[in-house]
Amino acid sequence: MPSVPPKEAQIRAHLAQRLETLEPGLRLVAEEYVLPNAVGTGGRIDILARDQHQMWVVIELKRADKTAREAANEITKYAELLRRNRGLPADRVRTIVVALESQWRELLAPLSNIARDWRHDLRGYSLSIDEITGVPLSAQRVKWLPEPLDQRLTSIHILYLFGQAQDRDRCWERVCKSAAQAHIADLVGVDVTYQVPSETVRYPYGLYLALGRIDPQLGRPRCHQACNHPVLLADEREDWRHPDEYDALCHVTSQVRGGDLESGGPDIFNKLVQDSRWAIGQVRSTGAFSGGLYEDSDFIAALRGNDGEARTLFHASASASVASRWNLLKQDVMNCLVGNQQWTELMAGWLEAVEQGPGEYDVEIHIYNPCDLLGALIHGLPHNIREYRTKAMPERLAELVPMLVAVARPRDEKAEISVLHGSLQWDGNPVAVQREAETVYPEPSTWLSYQYGDVIRQADQRFLSLLGLWYVIDIQILAPDGSGRYKSVYESTFLPSGLDAETVENAGGLHSLFDFIERYAEDLYLTVLPYRLLFGT
Ligand SMILES: [Zn+2]
């Protein structure tokens, strides 16, 4: 007589009596623990247990592929209902999903995602059972999938040049293969074509190539052992933000040659885009950059690095307890703020405080347009001067002015949250806006050439100091009040060096950028007018 495979209920009953198969010290509270319907849904927890630290453990058992698909939904629902119905604090509830090995194919991806970001501890066990009785024999702890790479383009770029258009297509294919050997799976290529009919140039067809990051799972390319081309030396690597990607580019260029090669980088791509003799053509992409998620304009904006338009220049998060990611985040933040000395020093102080604070923090940082106020005014001020005197910052301008927001959230829900908010503030000293603007940017073309020459940040700093505008930060500490809400326990404004608190106090405090705009509406209107006439904005 063929044996019937044991049903989920049978396995559950056996497991409930043998919880130590999963972890020593686990003890049964109830099988099929009923959670009454509280918010439109109820249910039964397969096994509710407690562990040796007196935490409540929600255990879900999955035996069939069909029910395995529900595991992520159920485990999160039960943790929520248990807290909601029984008032258990979040840090007293943890969760376990138990399934047979074959079910883990279905479970691994969704549960890895939950385990990574969820505040409740989630573990998985792969269970072996006696196929006839359903008695658990052993349980293997499941290893969650590593965090996927948050892919983005690096500043490792190069420009291939060709005499014939078809050489460009062939080159792209070979570049993709060669890059894959050097562990680069994600690439963007932009066709650029020189188009001045009267001029004969040897290499009018260009392929501008940019590399994505190497997936740490793939590891550093093996060029230093296996290839003849030069690679970065140990002490040189420290100077590079993406040394492995740079080595990978050397690998590609050693294998794939065009008619000519020119160096690349965001500043160079920017000039190419501005140069009317070069036409930007199709954008090619592979790996994470393919698949239709991005539009060409996303890539062009990323390659340009700084296009003076509103966009998120930087948005990232990391945990201060994961050293490698944390250091990358700090480096990225400082790179993004280059030229903005005031925010750089204030931000460095805050990051250090978070790093050295007690406990584990997740940090999220957003930085917008840190260094070009004039650009923000040209594009963002309303065209009708009456709108300068509304109650709030004009919407378009609000998107463009420099902004810095960072939040450090502790893993421990009893700890305090630190919120940093950066803004431009006016010291209240009267100024002649138009005259000061002309001091720094005598002509609209000066502002343009500063942009292309990549010195706009220094010019911006001069402009702001003449106007009495300062990059300051406000820090707020929020503490849990015990009922699930947070209240502010500390608020303070930090001034950059060069601006002392006494001066600010004597002047009656700082004023918002909007106050400044309201006060100098006519001046600002006249200041941006020639730029607008020239650019047709
Ligand atoms: Zn190589």
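Start by selecting residues 8–100: the C-alpha atoms at the two ends sit 11 Å apart, and the span is 32% helix and 34% strand (helices are DSSP runs of H or I, at least four residues, and strands are runs of E, at least two, numbered from the N terminus). An unreviewed UniProt entry annotates this stretch as "domain: Endonuclease NucS C-terminal"; such annotations may be inferred rather than shown by experiment.

Before you click on: this is a predicted model, where local features need pLDDT of at least 70 and side-chain atom pairs count only at pLDDT 80 or more, while totals for chains, interfaces and linings use all residues. Numbering runs from 1 along each chain as its sequence is written.

Next, pick helices H15 (residues 433–440) and H17 (residues 456–467). They pack at about 155°, axes 9 Å apart (lines fitted to C-alpha atoms over the stretch in contact, with angles from 0 to 180 degrees between N-to-C directions). That makes H15 and H17 roughly antiparallel (over 145 degrees). Show Val433, Glu436, Ala437, Thr439 and Val440 on H15, and Ala459, Arg462, Phe463, Leu466 and Leu467 on H17, to see the contact (C-beta atoms, placed from the backbone, within 7 Å).

Stay on Phe463. Leaving out residues up to four places away in sequence, Phe463 touches Leu373, Leu374, Glu436, Ala437 and Val440.

Last stop: glutamate 355, in helix H12 (residues 341–356). Buried or exposed, or in between? Glutamate 355 counts as partly exposed because 16 C-beta neighbours lie inside 10 Å (20 or more within 10 Å would be buried, 12 or fewer exposed, with C-beta atoms placed from the backbone). Add serine 319, which is 36 residues from glutamate 355 in sequence and 9.1 Å away, C-alpha to C-alpha.

Note on methods: Two residues are in contact if their C-beta atoms, placed from the backbone, lie within 7 Å. Angles under 35 degrees count as roughly parallel, over 145 as roughly antiparallel, 65 to 115 as roughly perpendicular and the rest as oblique.
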